[in-house]
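The following exercises concern one protein model with a bound ligand. Please examine the sequence and the structure before reading each worked solution.

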Amino acid sequence: MRIDVLTLFPDMFAGFLGQSIVKRALEAGVADVRLHNFRRFAQDRHHTVDDAPFGGGPGMVLMADPIFRCVEHLRQEVPMAPLIYLSPKGEVLTQRLAGELALMPSLMLLCGRYEGVDQRVVDHLVQREISVGDYVLSGGEPAAMILLDAVVRLLPGALGDEASTQEESFSEGVLEYPQYTRPAEYRGWRVPEVLLSGNHEVIRRWRRESARRETQSKRPDLFGAQVRMEASHE
Ligand code: 9D3
């Protein structure tokens with residue numbers, strides 16, 4: 001999958017892209033992530049990318065032209081890539097949406113800053129607006145990294161063997177069952193005896209039941225969703 005990221009702060013991605021799963025996917029050629037600073041597409045002497053909002057008010061707005069020119073430049077190479085604008089007004093990212101995006105051969109991610117982009121970018125260039133949740137970030141970059149992480153790890157070959165197993169357990173239980181590792185007793189707290197029993201059928205039942213209990217008590221909203229999902233798949 002080819003992913004072009006449009007950002008005024010490409011350096012913010014260095015640590016993220018150099019890290020385990022995404023790094024492995026890039027090295028394996030499963031994903032090809034390219035960063036573009038659309039400031040380079042500003043045409044004036046100072047490479048201006050923002051200006052005060054028409055009608056007044058606080059802050060600055062990202063100008064349409066550098067973004068249009070950057071996207072049009074990239075469209076020569078990836079003409080079909082949908083432009084996704086990371087925006088607090090977007091539809092909220094879910095596992096389902098990440099799964100849909102992982103099926104696309106290419107994506108373009110636009111990161112906003114300040115008060116956002118000129119609305120004409122949204123109206124005439126953007127295909128999709130996506131939020132990562134109902135809280136305020138200072139820009140689209142951390143949101144783009146969240147989306148990248150959620151999507152890239154779903155690409156075939158991005159993870160090791162644990163991938164499909166992990167994915168199955170997520171969709172079965174929604175929330176994961178509790179995990180323990182050695183020692184079997186720590187500061188007087190014992191690991192549940194069933195996990196030490198070696199009876200894999202009993203362990204499987206305990207985990208499934210624990211996952212349900214965990215979901216029911218911590219995320220009853222997911223519990224309802226899971227029931228609906230199971231029902232709609234059968
Ligand atoms: C001070 C400006 N805000 C009024 C409360 C509006 C606003 C503009 C720009 C709020 C946040 C941002 C920057 N956020 C993003 O670019 C963003 C975001 C987010 O803030 N929350 C969740 N998902 C996303 S995706 C992009």
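**Exercise 1: A residue of helix 8**

R208 is located in helix 8, which spans residues 200-218; helices here are DSSP runs of H or I with at least four residues, strands are runs of E with at least two, and both are numbered from the N terminus. The model is predicted, so local features need pLDDT of at least 70 and side-chain atom pairs count only at pLDDT 80 or more, whereas totals for chains, interfaces and linings use all residues. Residues are numbered from 1 along each chain as its sequence is written, and side-chain values use heavy atoms, with hydrogens and water left out.

Task: Determine whether R208 is buried, partly exposed or exposed.

Solution. Step 1: buried means under 20% relative accessible area, exposed means over 50%, and partly exposed lies in between (1.4 Å probe, protein chains only). Step 2: R208 has a relative accessible area of 45%, so this residue is partly exposed. Step 3: as to its surroundings, the C-alpha atom of R208 is 8.9 Å from that of E176, although 32 residues separate the two along the chain.

**Exercise 2: The ligand**

Task: State which residues make polar contacts with the ligand, and which elements give two or more residues to its shell.

Solution. Step 1: a residue is near a molecule if one of its heavy atoms lies within 4 Å of it. The ligand is surrounded by 16 residues, the closest being E115, V132, G133, Y135 and L137.
Step 2: a polar contact with the ligand is a pair of N or O atoms within 3.5 Å. A ligand oxygen atom lies 2.8 Å from a polar backbone atom of L137, and a ligand oxygen atom is 3.2 Å from a backbone N or O atom of G140. A ligand nitrogen atom lies 3.4 Å from a side-chain N or O atom of S131.
Step 3: strand 5 (83-92) and strand 7 (128-131) each give two or more residues to the shell. Strand 5 supplies the largest share, 3 residues.

**Exercise 3: An aromatic pair**

Task: Classify the geometry of the aromatic pair in the structure.

Solution. Step 1: rings of Phe, Tyr and Trp (its six-membered ring) pair if their centres lie within 6.5 Å; planes under 30 degrees apart count as stacked, over 60 as edge-to-face and the rest as tilted. Step 2: the structure holds 1 such pair. The ring centres of Y186 and W189 are 6.3 Å apart and the planes meet at 50 degrees, so the pair is tilted. Step 3: Y186 is partly exposed at 45% relative accessibility, whereas W189 is exposed at 59%.

Terms used. Polar contact = N/O pair within 3.5 Å; in protein donor to acceptor, adjacent residues only side chain to side chain.
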